[in-house]
Each structure stands twice: as C-alpha cells, then as structure tokens.
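Okay, thanks for making time, everyone. I'll put the sequence and the structure up and then talk you through a few parts of it.

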Amino acid sequence: MADFKMSLPLAVIVVISVLELGVAKAGPELDPYKTLGVTRGASQIEIKKVYKRLAREWHPDKNKNPGAEDMFIRITKSYEILSSEDKRANYDHYGQTDDTQPYGSSRYGGHRHDNFNFEESFFNFPFNSKNHRDFSDSKYSLHFNQYVNDVVPDSFRRPYLIKITSDWCFNCIHIEPVWKEVVQEMETLGVGIGVVDVGYERRLANHLGAHRTPSILGVINGKVTFFHYAVAKEHLRQFVEDLLPQRLVEWVSDKNEKRFLNSWHELNKPHVLLFDQVPAVPLLYKLTAFAYKDYMQFGYVDQGLSETVELQRQFNINTYAPTMLVFKENTDNPADIIQTKGMKKQIIDEFMSNNKFLLAPRLVNQKLFDELCPVKQFHRRRKYCVLLITGNDESFSPGNQAFLAFASSNTKEVVRFTYVYQQLQQPLCNILMTSKDSTKIPLPPQVVILERRNAAGKALFKPVTPWNGTEEDKQRLVAELQRLQKDPSILIHDAMLPELNNEFASIFVIQWIYAFYDYLTEVIDDILHNNWREMMPLLSLIFSALFILFGTVVVQAFSDSSDENTPKPKAKDTTKTENGSPGSPGPSSRPPKKNFVEVTELTDITYISNLVRLRPGHMNIVLVITDASKNILLSKFAKEVYSFTGSPALHFSFLNTDKHREWMCTLMESAQDAAQIFACEDDEANANLDYTGSVLALNGHKKYFCLFKPVYTGEDPDSKMPEDESAPSVRRSRAASRDEHPPRKSARSRSTSTLQIHHKLDRLGLWMERLMEGTLARYYVLAWPGLHKITPSK
C-alpha cells in the first residue's frame, strides 16, 4: 500500500511528461529565420522588407489557402522576435522564442512553460484559446479606418478605453479578468471600449504610439493618453475619470446657488443640478456633463454638507435618493426633475435630450441655429422658427420678457421660439428686417417667422409684427401662427441667409488656456513615469526650439561683440569713406552689411602690398583723383562700388594725380594697345591730360589692368553749350574751364564745375558689373612701373 502511494506521484509526473512531450511534438519548432527566409546576419531593414512582402502574400483576407492564417501568424511572430534586439539575442544564444516555444501547427497551439508557474499554465492550457478571445476581439476589435472615422470624432462626446494586445502576449492573460470587469462597468456608464491586436492592426498600433503589449490607453477629444499604473479596477476607474477635463461640474452650495442659476442668460444654456449624498461627483454624472457640455451647465450639491441645507429645503429635495433638476429661464422653479435610487445612463440621456435648450434660446452661432431651426426634410416634419430681432439694452427688457412668457406657453412641437441681438448678428437682421436702412439706424424689435429650405442657407420668411410685448402684438402673432398651420404659403419672402457670427468666440481663449494646462499636466505625468518612447517627439520639438533660440542669441551676441571690439585703424595715409565722407584705411573691403567702404590711398608705402604683391585672384580698384575733386569723387565712388564690397577679392584705393601723374602716364605708355587709351606723347601733352574720375582695376599677379574712362552724363540746366559740346569727355571740359575762368570763380561757375565732376562716375556701376563678368578689355604690362614713378613730382 505504501509502495502504491509512493508510485502515484511518480505516475502523475510521467503522465504529465508524456503529455508535454506530445504537445512539443505536435508541431515543428518555430525558426524565425527560416520562416522569413533571411540569414542570421540580416539587418533590420532587410527583415522589415521581407516581413512586409510575406505579410501581404499570406494575409488571410487576401490568401484563401487553408494554411494561410497559420502561416501569417508564424510570419508575424517571427518578425516580432527578430525586430526586437533582446528577443533576437535570446533566440540566437538559447534557441528560445520567448513565450512561444514550441510552436504548434494550429492557430492556438501549444506554448512553452519556462517563464511562468507550471500548474497555472497547465490548467489554463491553451491560454490563448478561441473561446477566451471572443470577449474582446469579436465585439470591441478596432481597425485603423474605424478608429479614424468613428472613434476620434466620437471621443469629443465620450472617452474611450483601448487595450493593445497580441496573440502571443502572456501578460495579456493576467490582466484579462480585471479588464473584463472594468469593461462591463465602464460600458454601462457610456465609456467607449476598443481592443487593438498588434498582429493584425500594426498600423493602428503605431499610429497610437503603442510599442509594447499589453498596453492600455485612453482617447478623449482625439488625444491619446497612456495608462501607467498597475492594472487594477480602482486604478482604471480613476484613469477614466482623470481623462475628463477639469471644471466640467461646479460645486454648488447656499452661497453660490444664485450666481450659478442666474448665469443662464450669459451662457445661453439650461443649468442642471444633481443632489446626492456622495462626497465626490459620481463618474456617470461627469460623463454626462462631458457629453452635453455644449448645451448645458452642470452643478453638484453634496447633501451631506451643512452649507447645502437651505438649498435642499428650498427645492424640497428627498435625501434618500439622488435628485436631478433642470433650470431654464425661471430659476425659482425647475423646468424638469427626475429622482431615483438607481439612475441609469439611458434615463439620464433621455432627460438631457428633452431639456438641452432654453424655452427661448438666443442664436449665438451657426451650430445652434442649425439645431434649433433645422432644414426642412419632409412635408410632415416642418420646423418653423419664430425669431425676435431685438437688442440687449434695458429698454428692450419688457418686450423680451413678454416674448419669453409667450414662448413658455407654446405647446406646438413644430414651432421653436428664438431671439437674436440685432447689433451682434447684423448681416442676418439686414435680410430679415423690412427696412433697407437697418445698417444705419437700429429698428424697433420685430418678430419674423422663417422656415429653412436647404443647408446652403435658403429660407422662406415673413415679418409678422413689430414687437413691444403688448396684448395686440401677441394677438397678431397668434393669428399668424394659426394661419401658418393651415397655409404654409404665407411665407412669401425668400432669401439666402448668411452664416451667423460666433458670439462666444472670446470664450475660446479661456478654453485654450484650460486645455494647455491639462496638456502640461499630462506631459509632466508622462515624464515622471519615464515614458520616453512616447515623449520623444515632444522632447525633440522642445529641444529643437531651444537650440534654435539659444543658437540665434549666442551668434547675435558674438557678432555684436566682435563688431564692438574691432580695433579702429589708424588714420595715417589713409582715407575712410563713410556715407560719402573720406577717412579710413584698410587694404581689404568690409562686408556689405556695413554702411561704409574702406578706401586706401596708393602711395610709396602701400604700393608693394596693394599692387605688386597682390594675391592671385585679387584686384585693386583704384580711383584717380586730384586735391580739388577728392571729396566729391570719393563720395560718388563709395556709392557706386558699395554693392560690390561683399567680394573679398576686391580692394579699393585712390591715386592722387597731383602727386603721381608721372606714374599714371608711364603705366598708360607701357600698356599694350596703348593707342586705345590715354596717350602721353610728350611732357606738354602729359601736363594737359585729365585723368580725374578714371578708375583702374589692377591685377597685380597677372599684370594687367582694366580702365574706366569718365563720361559726363549729367544735365546742366544753366549751361548754354550745345549738346555736342557738353557730351564729350570731361577732360576737355576741365581744360577749357581752367583756361577760361580766373582763379576766383563765381558761385555759379563753381556749382557748374562741381556738378560736372560729380557726374564723371555715373556709369561706374555698369562698368563694375562688366568687370565681375570678365567682359572688359584687359591691358597687359610687362612690369609695373618702378617706385621712382610714384614719388611726388618736384
């Protein structure tokens, strides 16, 4: 007997081993490399490319082969292993495929038991069975198009709770009981539920930013938020509650009850009050407030507080059951009431739908206009709007109150009473008012009956009566409504109505501030939970903006600092032309962003560096001047060459022919084709030559120069010389002026001479452009004139 007892556990172990061996041999072991057909050294790019091709080929929706579904799962699992560096390394070293060894031939075949409790895996085998997945996949599975077209728009009315799972996720099994319980509760409250299988909807998973399984996330107002805590019912319930925006429900007591209820006129909404014994606002009430936030204002009264005793007594509230009141224009008496111990979502939705508009709401935007005055669809479903065009001053208050009282007594469902402020909706009122001068002078209140015919804005209408709230006005309106019921053709006018102005547009700024605060809170929460993968796009954007801002400031600071610390050059033998005034040295030009041009005088000191030893590719632009024309020509020269100072290969100088005429004449004589330029035949001719205003482009390395000859293009209104005498070179004009005028010139003569000198460089800009293009004639010299040629003449 003892032997039998001892052999019993051994027999059980043998049976289990045989079963396990049978399961192991039920199908071939998964080899991800063979399944995808790649080598062990394949890169991630190659693996991904092969996976996409095989997934398209073996997808069950496209491949009708009986084994396509099994092959597609093997391909998906193989890619899941090889695309993860950790799982791939684990397989390469130990031959293990994580939680999928060995791999069965059926879709939900055998699974390995290495990493979890054997008894749990044995008695729950197979854990990924078809029956186990029916709960989530068949009813709540989401596809990409379904998420984009249905879930995202619907998330502006209710939050969604979505689980990310896969066929080969062992941890998904542990959260399944909690998930099922939470789903059953949340679905009855109105929360949307969804399940995304990564193996079949990887595109949607990537779109949501879910990179691991299992994951749980919430979607509200189109925004995705991940759940980071342990999967427990209380945590998930709190997660859904945290998804909802703050300030949906206002706490109301005896102190703020009047202010809360009287804000109906400002907000143009009915107000809802829930009386309950619970110290926290129920989740169902918060979800209802989120769904109807555009139509109603919600408040909560805690019956357990002493600050709400007077409020409960005022409305005769039963303390044994939750009570919900709706207030419209009359804040003393509720317009509707429900009271029950077990408030269901269906009852609350019906209650809200029947009371989401005031008795006579104001048209404040186009959305409200479309709902209050819908477009005609069928003959028996006509909807008429009785519209009061009025103002918001105190003088209009009696008439407005009379119109509200008239609307409160209305019992016809086909008629909706509304009003509009003329000064806030002027385009609409201009069309509906009978007077064409309504844009200039506000008209008295008037009642108009209208029926909308199509969504484009076409409507039929008829101005009924001026409205002061008198009994006569009410009788006329009643008579017209009775006629309308019998004969709809009394609406004789038609027009295209413009879109209404949004009077609450300014409130959006406050809503954006609240939304930004909520978003910032979520960002901080994500950072605290080290959810770096999901935070990378936002962090990248923030750091990029900071880098650009910091880089711009630093570069600007260093740029300003370098400008301020630039040493000022000495004024010895130099002239700097700033805004046309001479005076600064420098063998090289400054960047064009500066407002001056540096010009160096060509003397025996600067001759070697500025000409003879000029670097290859560099040129020195030399202006020829005299003592008398120095200031005028340098100013003009600076303006003409300023746009070319950005080139570092150009240097600017000037040569005084009063000192160096001999060097100038020698240069002209030594040039090839000298006959085409100035000619110095003898000393007398050299003395009479006028080089003033000429510009030389000297290439010291290649020993050539280009020559600009001054041509007078200005107009002298006081000159009586014929055109053929004023047009030739200035050289003759200056020679003639020297012979004809005495040393002491009159003011008019000096003005004429100055004007002619100023215009010598009129075409220098065009010449500089041709110089940069390389199209000017070049005059080569065998060698530059010697030093003795640039010494002053005695």
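**Sheets, helices and a few odd backbones**

Let's start in a loop: Asn221 sits between strand S3 and strand S4, which covers residues 223-226. Before I go on, please keep in mind that this is a predicted model. So what is the phi of Asn221? It comes out near 55°, so to speak on the positive side, in a residue that isn't glycine. For context, most residues other than glycine have a negative phi, and most peptide bonds are trans. As for the surroundings, Asn221 is partly exposed, at 32% relative accessible area.

Just upstream there's another backbone feature. The peptide bond going from Thr213 to Pro214 is cis, with omega near -5°. Pro214 belongs to the loop that links helix H10 (202-208) and strand S3 (215-220).

Now, the sheet these loops feed into. We have four strands in an open sheet, ordered S2-S1-S3-S4, and the pairing is mixed. Which strands are at the edges? Those are S2 (192-197) and S4, and each has a single partner strand, so one side of each is left with no neighbour in the sheet. On average, neighbouring strands here are turned by 25° against each other, ignoring direction. Looking at one pair in there, S1 (residues 160-165) and S3 run antiparallel and are joined by five bridges. If you want a spot to click on, Ile164 has Ser215 in S3 as its bridge partner. Helix H9 packs on this sheet and touches S1, S2 and S3, with its direction at about 160° to that of S1.

H9 also meets another helix. Its stretch is residues 171-189, and its axis comes within 10 Å of the axis of helix H11 (residues 233-243), crossing at roughly 35°. The crossing of H9 and H11 is right-handed. Who makes the contact? From H9 we get Val178, Glu181, Val182, Glu185, Met186 and Leu189, and from H11 we get Lys233, Leu236, Arg237 and Val240. Sorted by type, the residues in that H9 and H11 contact are six nonpolar, four charged and no polar.

Okay, second sheet. This one is open as well, with five strands in the order S11-S10-S12-S13-S14 and mixed pairing. The edge strands are S11 (415-421) and S14 (493-496); each has a single partner, so one side of each has no neighbour in the sheet. The twist averages 35° from one strand to the next. Inside it, S10 (residues 384-390) and S12 (residues 446-452) run antiparallel, with five bridges joining them. One position to look at is Cys385, whose bridge partner in S12 is Leu450. Across S10, S11, S12 and S13 (458-466) lies helix H20, residues 471-486, running at about 145° to S13.

Last stop, one more loop, the one between helix H15 (309-314) and strand S8 (323-327), where we find Asn316. Asn316 has a phi near 55°, again positive in a residue other than glycine. Buried or exposed, then? Asn316 is exposed, at 70% relative accessible area. Tyr320 is in the loop between H15 and S8 too, and at 70% relative accessibility Tyr320 counts as exposed. Tyr320 is also 20 residues from Thr340 in sequence, while their C-alpha atoms are 9.1 Å apart in space.

That's my tour, so over to you for questions.

Methods:
Residues numbered from 1 in each chain as written. Predicted model: local features only at pLDDT ≥ 70, side-chain atom pairs only at ≥ 80, totals over all residues. Heavy atoms only, no water. Pairing = 2+ DSSP bridges. Helix = DSSP H or I, 4+ residues; strand = E, 2+ residues; numbered from the N terminus. Axes fitted to C-alpha atoms, helices over the stretch in contact; angles between N-to-C directions. Contact = heavy atoms within 4.5 Å. Buried < 20%, exposed > 50% of the residue type's maximum accessible area, 1.4 Å probe, protein only. Left-handed = near helix turned anticlockwise from the far one by under 90°. Nonpolar A, V, L, I, M, F, W, Y, C, P; charged D, E, K, R; others polar.
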